[in-house]
Amino acid sequence: MVKLSIEKNSKKPKYLLLADSITSQIEQKQLVLDDRLPSVNKLSAHFNFSRETVFKALNYLSEKGIVRAVDKIGYFVNDLSVETEFKVFFLLDKLTPFKEDLYNSLISSLGENVKVRLYFHHQNIELFASLILDNLKNYTHFIVTTYIEDSKSVQKVLNKIPPEKLIILDKYEPNVNDGCGMVFQDFENDILNLLKVNIDLVNKYDRLVLFNRKNAPHGDFVQKGFERFCTEYNFQSEVYYNFSPDYFKKGTLYITIDAYDRDMVEIIKLARKFNWELGKEIGLISYNDTSTKEILAGGISVISTDFKKMGEEAAKMILEGRREHKSNETKLILRNSL
C-alpha cells in the first residue's frame with residue numbers, strides 16, 4: 001500500500017481529499033509514471049471510505065488525465081503534470097486550414113494549464129462513436145464537430161457525454177441534451193442576410209447560380225438560404241450539383257461552396273477564355289477565405305466565418321464554466337469579383 005494520507009478536519013469532499021492525496025504522492029515522486037494504484041477495495045478499507053467515494057476520486061483524476069483506467073486490471077499513473085486544470089478531448093471531422101485556425105485559437109486561448117488531445121473522425125459514424133465512447137471517463141471536457149449524415153446516431157452518441165462537459169462547434173446539432181455549449185455557423189440565415197445587405201451589388205446581375213457540391217456538408221443549409229433570398233427578391237436562379245461550361249453565361253453571379261474550390265477555378269478559367277471581367281460581366285462569391293483567394297484574379301469575394309473567434313468562444317466556455325448556444329460571426333468579404 002502506497003503511504004497515502006488524508007488531510008484531517010478539512011471541509012473538502014472526501015473524494016477530493018483522496019484525489020489530493022494521490023496527486024501529492026505523484027508530486028513527491030512516491031508514485032511515478034505507470035505505477036499501479038492500490039485497488040478500489042484496498043483504498044476503501046484503508047480510509048474507511050465507501051467504494052462510491054473511491055470511484056469518484058479515481059474518475060476525477062482520470063478525467064484530468066492524471067490516472068488511467070485499464071479494464072479489469074486497475075488504475076495507473078498516467079501523467080506526472082498534476083497541475084493540469086482541464087484535459088480536453090477535441091474531435092474534428094478533418095483538418096483544413098480553417099480548422100487549423102480553430103485549433104490554434106483554442107490552444108492559445110486556453111493557456112498552459114489545459115491539455116488538449118486532438119482526434120479526427122473523417123465523417124465516419126463508427127469511428128466517431130468509438131472515439132467518444134472509449135474516452136468518456138478520460139477527459140474533463142469534450143469539444144466536437146460533426147458533419148455526419150447519420151444525424152440520429154450522432155445525437156445518440158453526443159447524449160452519452162454529460163452536457164456540462166460538451167461543447168459542439170461549427171454545425172448546429174438539434175436534439176442534444178440541455179446544458180451543453182454550442183458555437184455554430186447559421187448557414188441558412190448567414191447567406192440570406194449577407195446577400196440582403198449587399199443587394200445593390202447583387203442587383204448588377206440578371207441571374208444567380210449556386211453550385212452545391214456533395215463534398216460540402218453545409219451545402220443544403222446554404223441552398224435553403226440562397227433559395228429564400230432569390231424568392232424574396234424575385235431573382236432568376238439555378239442550383240447545380242456539378243460544373244459544366246454550359247452553365248456559364250454573362251450577367252450571372254456564381255456562388256461556390258466546393259470544398260476543393262474546383263468550381264471557383266473553372267469559373268475564373270472560363271472568364272479568361274471569354275475575356276469577361278470578374279465583378280462586371282460576371283460575379284463570383286466563394287465560401288471560406290484563404291490567402292490565395294485574397295490575391296487570385298484580383299481578389300475573390302468570400303463568405304467566411306471567423307474560426308479564430310469560434311476557438312476563443314469555446315475556450316471561454318471552459319475557463320468560465322458557462323454553457324450557451326450562439327451563432328458565430330460570418331462576413332461577406334468584398335473583393336474584385338463582386
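Visitor: Which residues of helix 7 meet helix 9, and how do you know that they meet?

Guide: On the helix 7 side they are F187, E188, N189, I191, L192, L195 and K196, and on the helix 9 side F221, V222, K224, G225, F226, R228, F229 and E232. They count as meeting because contact means heavy atoms within 4.5 Å. The residues of this contact divide into eight nonpolar, two polar and five charged, where Ala, Val, Leu, Ile, Met, Phe, Trp, Tyr, Cys and Pro count as nonpolar, Asp, Glu, Lys and Arg as charged, and the others, Gly among them, as polar. Before we go on, please note that this is a predicted model, in which local features need pLDDT of at least 70 and side-chain atom pairs pLDDT 80 or more, while totals for chains, interfaces and linings use all residues. Residues are numbered from 1 along each chain as its sequence is written, and side-chain values use heavy atoms, with hydrogens and water left out.

Visitor: Why is the crossing of helix 7 and helix 9 called left-handed or right-handed?

Guide: Helix 7 passes helix 9 in a right-handed crossing, so the near helix is turned clockwise from the far one by less than a right angle; anticlockwise would make it left-handed. The angle is about 35° and the axes are 7 Å apart, with axes being lines fitted to C-alpha atoms, for helices over the stretch in contact, and angles running from 0 to 180 degrees between N-to-C directions. As for the names, helices (H or I, at least four residues) and strands (E, at least two) are DSSP runs numbered from the N terminus.

Visitor: Which other helices cross, and how do you know which residues take part?

Guide: Helix 4 (residues 97–110) and helix 12 (residues 307–320) have axes that come within 7 Å and cross at roughly 35°, and this crossing is right-handed. Helix 4 brings F98, K99, D101, L102, S105, L106, S109 and L110, which meet F307, K308, M310, G311, E312, A314, A315, I318 and L319 of helix 12. By residue class, that contact has ten nonpolar, three polar and four charged residues.

Visitor: What makes the largest set of 25 residues a nonpolar core?

Guide: The term asks for buried Ala, Val, Leu, Ile, Met, Phe, Trp, Tyr and Cys residues joined through side-chain atoms within 4.5 Å. The largest nonpolar core has 25 residues, and those with the most contacts inside it are I191, L208, F229, I255 and I285. Helix 7, helix 8, strand 8, helix 9, strand 10 and strand 11 each supply at least two of its residues, and helix 7 gives the most, with five. A second, separate core of 22 residues includes Y139, F142, L166 and C180. In soluble globular proteins, nonpolar side chains tend to be buried together.

Visitor: Why is N328 called buried or exposed?

Guide: Buried means under 20% relative accessible area, exposed over 50% and partly exposed in between, with a 1.4 Å probe and protein chains only. N328 has 6% relative accessibility, so it counts as buried. N328 lies in the loop between strand 13 and strand 14. Not counting residues up to four places away in sequence, N328 touches V183, F184, T305, D306, F307, K309 and M310.

Visitor: And what makes N234 stand out?

Guide: N234 has a positive phi of about 55° although it is not a glycine. Most residues other than glycine have a negative phi. N234 is in the loop between helix 9 and strand 9, and at 70% relative accessibility it counts as exposed. D261 also has a positive phi, near 60°, but at 17% relative accessibility D261 counts as buried.

Visitor: How do you know whether strand 3 is enclosed or open?

Guide: Seven of the seven residues of strand 3 are buried, so this strand is largely enclosed by the rest of the structure. F86, V88, F90 and L92 point one way, and K87, F89 and L91 the other.

Visitor: What makes strand 3 and strand 5 a pair?

Guide: Two strands pair if DSSP finds at least two bridges between them. Strand 3 and strand 5 have four, in the parallel sense, and F90 stands opposite I143. Seven bridges join strand 3 to strand 4, also parallel, with L118 as the bridge partner of F90. Six strands form this open sheet, in the order 4-3-5-6-7-13. Strand 4 and strand 13 are called edge strands because each pairs on one side only.
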